[in-house]
Amino acid sequence: MSSKNNKKCDVMLMQQRIDEGILLAQRRMLNRGLHDDLSFIIWQGGMVCDVPASEIKW
């Protein structure tokens, strides 16, 4: 029974690390966009939009 709990904890820890990595990548991308005065193409409200990095709220 403890083997299942260990596996569940391992999966939760792995998912947490993946989520942290995604957030870090998003922050870095936004910082680069702010530094280089870039815009991002995003899907928002059912439409594709070109949004300047300076308008993205973190």
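**Overall form and local contacts of a predicted α-β-β model**

Of the 58 residues in the protein, 10% are buried, where buried means under 20% relative accessible area, exposed over 50%, and partly exposed in between (1.4 Å probe, protein chains only). The structure is a predicted model, in which local features need pLDDT of at least 70 and side-chain atom pairs count only at pLDDT 80 or more, while totals for chains, interfaces and linings use all residues. Residues are numbered from 1 along each chain as its sequence is written, and side-chain values use heavy atoms, with hydrogens and water left out.

The secondary structure consists of 1 helix and 2 strands, with helices (H or I, at least four residues) and strands (E, at least two) taken as DSSP runs numbered from the N terminus. Along the sequence these elements follow the pattern α-β-β. The radius of gyration is 18 Å, well over the 10 Å that the globule rule gives for 58 residues, so the protein is more spread out than a compact globule; the radius is taken over C-alpha atoms, and the rule is 2.2 Å times the number of residues to the power 0.38. Along the principal axes, the C-alpha atoms fill a box of roughly 55 × 30 × 15 Å. About 5,400 Å² of the protein is exposed, and carbon and sulfur atoms supply 58% of this area. Accessible areas come from the Shrake-Rupley method with a 1.4 Å probe; for residues, only the protein chains shown count as cover. Among contacts (heavy atoms within 4.5 Å) between residues at least 6 apart in sequence, 16% join residues at least 24 apart.

Helix α1 comprises the 34 residues 2-35, and its end C-alpha atoms are 49 Å apart, which agrees with the 50 Å expected at 1.5 Å a residue. The expected span is 1.5 Å times one less than the number of residues. M14 is part of helix α1 and, together with I18 and I22, makes a nonpolar surface patch of about 280 Å². Patches are made of residues with over 30% relative accessible area and no salt bridge, like charges being joined within 9 Å and nonpolar side chains (Val, Leu, Ile, Met, Phe, Trp, Tyr) within 5 Å. An α-helix has 3.6 residues a turn, so residues three or four places apart point the same way.

L30, also in helix α1, counts as buried at 9% relative accessibility. Leaving out residues up to four places away in sequence, L30 touches F40, A53, I56 and W58. The C-alpha atoms of L30 and K57 are 9.7 Å apart, with their positions 27 residues apart in sequence. W58 lies in the segment after β2 (47-52) and is exposed, with a relative accessible area of 57%. On the same basis of exclusion by sequence, up to four places away, W58 touches L23, Q26, R27 and L30. The C-alpha atoms of W58 and Q26 are separated by 9.7 Å, although the two residues are 32 apart along the chain.

A search of the whole structure finds 1 salt bridge, defined as a side-chain nitrogen of Lys or Arg within 4 Å of a carboxyl oxygen of Asp or Glu. The salt bridge joins D36 and R32, with the closest N and O atoms 3.8 Å apart. D36 is partly exposed at 38% relative accessibility, whereas R32 is exposed at 59%. D37, in the loop between α1 and β1 (39-44), has a positive phi near 55° in a residue other than glycine. D37 is exposed, with a relative accessible area of 68%.
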